[in-house]
Amino acid sequence: DGNVGLLVRFPMHPAHPLQLTLRDASGQPLPPGSPVYAEGASGDEPLTVTGYDSLLYLPDPVPGARLRIETAAGPCTVVVPSPPAGATAPAEAVCR
């Protein structure tokens with residue numbers, strides 16, 4: 001007959017991206033290009049870097065996870081908040 005078919009299944013889960021505006025403990029934005037690391041993760045590669053206007057984009061974060069950001073002033077840590085439902089503006093977070 002010559003007809004051939006193939007069923008392929010791709011495991012998928014819904015992603016909940018999160019955009020954060022980061023500030024240091026004194027309320028100042030973090031410098032762009034600051035490397036961001038997952039606390040407790042192995043390896044020397046950062047997850048991402050901070051963007052302009054102190055923005056950070058996380059494609060599928062784990063709420064409550066701790067991130068370490070390295071800046072010229074020294075490292076600071078931020079706890080990933082839960083993505084706000086239906087939010088169109090970035091969430092705010094303080095890096096301490």
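Two strands are taken to pair if DSSP finds at least two bridges between them. In the predicted model examined here, strand E2 (residues 35-38) and strand E5 (residues 66-71) meet this criterion, since three bridges join the two strands, which run antiparallel. Within this pairing, Val 36 has Ile 69 of E5 as its bridge partner. Both strands belong to an open sheet of four strands, arranged in the order E3-E2-E5-E6 with antiparallel pairing. Strand E3 (48-49) and E6 occupy the edges of this sheet, and each has a single partner strand, so that one side of each is left without a neighbour in the sheet.

A separate pairing, in the parallel sense, is found between E1 and E7, which are connected over five bridges. Here Arg 23 is matched with Val 94, its bridge partner in E7. Strand E7 presents two faces, of which the covered one consists of Ala 91, Ala 93 and Cys 95, whereas Glu 92 and Val 94 make up the uncovered one.

Cys 95, on the covered face of E7, is joined to Cys 76 by a disulfide with an S to S distance of 2.0 Å. This pair links distant parts of the chain, with Cys 76 located in strand E6 (residues 74-79) and Cys 95 in strand E7 (residues 91-95), 19 residues apart. The torsion about the S-S bond of Cys 76 and Cys 95 is about 100 degrees, and the disulfide is therefore right-handed. Cys 76 and Cys 95 are both buried, and the count of disulfides in the model comes to one.

Outside the strands, Gly 33 lies in the loop between E1 and E2. With a relative accessible area of 44%, Gly 33 is classed as partly exposed, because this value falls between the limits of 20% for buried and 50% for exposed residues. When residues up to four places away in sequence are not counted, Gly 33 touches Val 49 and Thr 50. The C-alpha atom of Gly 33 is also separated by 8.0 Å from that of Tyr 52, a residue 19 positions apart from Gly 33 along the chain.

Towards the start of the chain, Leu 6 is placed in the segment before strand E1 (18-24). Leu 6 counts as exposed because its relative accessibility is 77%. Together with Val 8, Phe 10 and Met 12, Leu 6 makes a nonpolar surface patch of about 560 Å².

Note on methods:
Residues numbered from 1 in each chain as written. Predicted model: local features only at pLDDT ≥ 70, side-chain atom pairs only at ≥ 80, totals over all residues. Heavy atoms only, no water. Patch = residues over 30% accessible without salt bridge, like charges linked within 9 Å, V, L, I, M, F, W, Y side chains within 5 Å. Areas by Shrake-Rupley, 256 points an atom, 1.4 Å probe, with all protein chains shown as cover. Salt bridge = Lys/Arg side-chain N within 4 Å of Asp/Glu carboxyl O. Buried < 20%, exposed > 50% of the residue type's maximum accessible area, 1.4 Å probe, protein only. Disulfide = S-S within 2.5 Å. Contact = heavy atoms within 4.5 Å.
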